[in-house]
Amino acid sequence: MKLEHTSKSDLTKILEMERNFENVEFIAPYDLDRHKKVIQKKDEEHLSIFDENSRLIGFVILAGLTNINKSIEFKRIVVSEKSKGFGSKAIELIKEKCFQDYYCNRLWLDVFDFNQRAIYVYEKLGFHKEGVLRECIKKSNGYKNLVVMSILKREYDERTAD
């Protein structure tokens, strides 16, 4: 598995992944123009996830790359094939990139509190719950809570030292 900078030619497939019924309830899909803007920004990184056969199977968006506090937001991950370990492997690659390439001190994310599958994976991979943003996102069926989670550089180092 590998992460590569997203090319504009990947965006059609990425838009399909976002709008898939298995993903759409857990994110706020971007339109094509918004994805293109992320690709061009200095403070954000849009990465495509490829499997060992070079098939595009997902994508990740990171934000805050130029944050003076070295705190990077793991803004989005979407994987097209569930229950195959691709998401966990991609998250491990993201942590490596953020802590080793960007020298960040804190990698954080938010996740809907009803997305227990994702919360379980994040905790298994070393993220800690920091708190809840109550009813901060309006969805078609009402306001939803977000759980804020993070992993620190020293925690990452401890996990990778084993």
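This report walks through the nonpolar cores, the cysteines and one buried asparagine of a predicted model.

## Ground rules

Local features need pLDDT of at least 70 and side-chain atom pairs count only at pLDDT 80 or more, while totals for chains, interfaces and linings use all residues. Residues are numbered from 1 along each chain as its sequence is written, and side-chain values use heavy atoms, with hydrogens and water left out.

## The cores

The largest nonpolar core (buried Ala, Val, Leu, Ile, Met, Phe, Trp, Tyr and Cys residues joined through side-chain atoms within 4.5 Å) has 30 residues, and L62, F74, I77, L107, Y122 and F127 touch the most other members. Two or more residues each come from β2 (44–50), β3 (56–63), β4 (71–79), α4 (86–101), β5 (106–112), α5 (116–124) and β7 (142–152). Helices here are DSSP runs of H or I, at least four residues, and strands are runs of E, at least two, numbered from the N terminus. Helix α4 chips in the largest share, 6 residues. A separate core of 11 residues includes I14, M17, I27 and Y30.

Skipping residues up to four places away in sequence, L62 touches I72, F74, I94 and C98, among others; contact means heavy atoms within 4.5 Å.

## Cysteines

No luck hunting for disulfides (cysteine sulfur pairs within 2.5 Å): the whole structure has 0. For C98, the nearest cysteine sulfur belongs to C104, 4.9 Å away. C98 is buried at 0% relative accessible area, whereas C136 is partly exposed at 36%. Buried means under 20%, exposed over 50%, and partly exposed in between, using a 1.4 Å probe and protein chains only.

## N23

N23 sits in helix α2 (residues 21–24) and counts as buried, at 6% relative accessibility. Beyond its neighbours within four places in sequence, N23 contacts M17, E18, V78, V79 and K82.
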